[in-house]
Amino acid sequence: MLSLRRFRPEDDAALISWVRSAEELRMFAGAGLTWPLDTAQLDLIRSDPEMVAYTAELDGVPVGHFQIRRHPPGSARLARVIVDPARRGEGLGRALLEAAIQEAQRRGFVHMDLHVYADNAAARALYTALGFDDHGENPEAPESRLMSRVL
């Protein structure tokens, strides 16, 4: 069973190892982080008062990461979702997103949105399967799509 906990400094090595190239970092974080990913950037994530970052574990081993940012009042932005590349294809992406949705609901959010690159077909399909609507080109970043759902 997948379990969540707050993202801690001891998770940095695993997360950094999952992002193996500048392109993978772009898919994970957009322009918000720079290559190569390092602990100083991850420390900034942990210190952001509007962001809560989570590590997902399976049998005590980190297998995924996501962040929830308070957006407008009552709304959350899902960000920086990643599954350990060695564990992809096991259904962990769906489990991770379901856990993120449940955590946002637990925190009292009633709406969730996200940005996803238009060329990330697998992620877009998964978000759609979990009830996110595609609202088209993201005005903040034209190479991405804006998706959202009611929680």
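Select valine 61 to start: this residue is partly exposed, with a relative accessible area of 45%. You'll find valine 61 in strand S3, which runs over residues 61-70. Keep in mind as you click around that this is a predicted model.

Now add serine 3 to your selection. Valine 61 and serine 3 are 58 residues apart in sequence, yet 9.9 Å apart in space, C-alpha to C-alpha.

**Stop two: arginine 6**

Next, pick arginine 6, in strand S1 (residues 2-6). Is arginine 6 buried or exposed? The answer is in between: arginine 6 is partly exposed, with a relative accessible area of 49%. Show what surrounds arginine 6: leaving aside neighbours within four places in sequence, the contacts are Asp11, Val52, Ala53, Tyr54, Thr55 and Arg107. Then draw a distance from arginine 6 to phenylalanine 66. These two are 60 residues apart in sequence, and their C-alpha atoms sit 9.9 Å apart. Remember phenylalanine 66, as it comes back soon.

**Stop three: a little cavity**

How many cavities of 30 Å³ or more does the structure hold? Just one, with about 30 Å³ of space in it. To see its walls, select Phe7, Asp11, Ala14, Leu15, Trp18, Thr55, Pro62, Gly64 and His65. The elements giving two or more residues to this lining are H1 and S3. Colour the lining by type and you get five nonpolar residues, three polar and one charged.

**Stop four: two helices, each with a buried side**

Select helix H2, residues 22-29. Leu25, Phe28 and Ala29 are its buried residues. Look down the helix axis: these residues are on the same side of H2, because they cover an arc of only 70 degrees around the axis. What do they pack against? Turn on helix H1 (12-18), S3 and S4, and you have the partners of the buried residues of H2. Just past the end of H2, click glycine 30, which takes a positive phi of about 60 degrees.

Now try helix H3, residues 39-47, where Gln41, Leu42 and Ile45 are buried. Their arc around the axis is only 100 degrees, so they too lie on the same side of H3. Here is the general idea: an α-helix has 3.6 residues a turn, so residues three or four places apart point the same way. To see what covers the buried residues of H3, show H1, S2, S3 and S4, which are among the elements that do so.

**Stop five: the cores**

Time for the inside. The largest nonpolar core has 26 residues, and the ones with the most contacts inside it are Phe66, Ile68, Leu78, Met112, Leu114, Tyr127 and Phe132. There is phenylalanine 66 again. Strand S2 (51-58), S3, S4, H4, S5 and H5 each give two or more residues to this core. Which element gives the most? That's H4, with six residues.

There is also a second, separate core of 14 residues, and Leu15, Val19, Phe28 and Ala29 are included in it. You've already met Phe28 and Ala29 as buried residues of H2.

Go back to the largest core and zoom in on phenylalanine 132. Not counting residues up to four places away in sequence, phenylalanine 132 touches Ile101, Met112, Leu114, Tyr127, Met147, Ser148 and Arg149.

**Stop six: serine 144**

Select serine 144, which has its place in strand S7. Why does serine 144 count as buried? Because its relative accessibility is 4%, and buried means under 20%. Show its contacts beyond four places in sequence: His115, Val116, Tyr117, Ala118, Gly136, Glu137 and Asn138.

**Last stop: the largest pocket**

Finally, switch on a surface and look for the largest pocket, which holds about 1100 Å³ of space. Of the 41 residues lining this pocket, select Met27, Phe28, Val81, Asn120 and Tyr127, the closest to its centre. The elements that each supply at least two residues of the lining are H2, S3, S4, H4, S5, H5 and S7. Colour S4 in particular, since the largest share of the lining comes from S4, with seven residues. By type, the lining divides into 21 nonpolar, 10 polar and 10 charged residues.

Technical notes. Residues numbered from 1 in each chain as written. Predicted model: local features only at pLDDT ≥ 70, side-chain atom pairs only at ≥ 80, totals over all residues. Heavy atoms only, no water. 1 Å grid on protein atoms, 1.4 Å probe; cavity = no way out; pocket = protein on both sides within 12 Å on 5 of 7 lines; lining within 4 Å. Points joined across faces, edges and corners; volume = space filled by probe spheres on them. Helix = DSSP H or I, 4+ residues; strand = E, 2+ residues; numbered from the N terminus. Nonpolar A, V, L, I, M, F, W, Y, C, P; charged D, E, K, R; others polar. Buried < 20%, exposed > 50% of the residue type's maximum accessible area, 1.4 Å probe, protein only. Arc of directions from axis to C-beta. Contact = heavy atoms within 4.5 Å. Core = buried A, V, L, I, M, F, W, Y, C linked by side-chain atoms within 4.5 Å.
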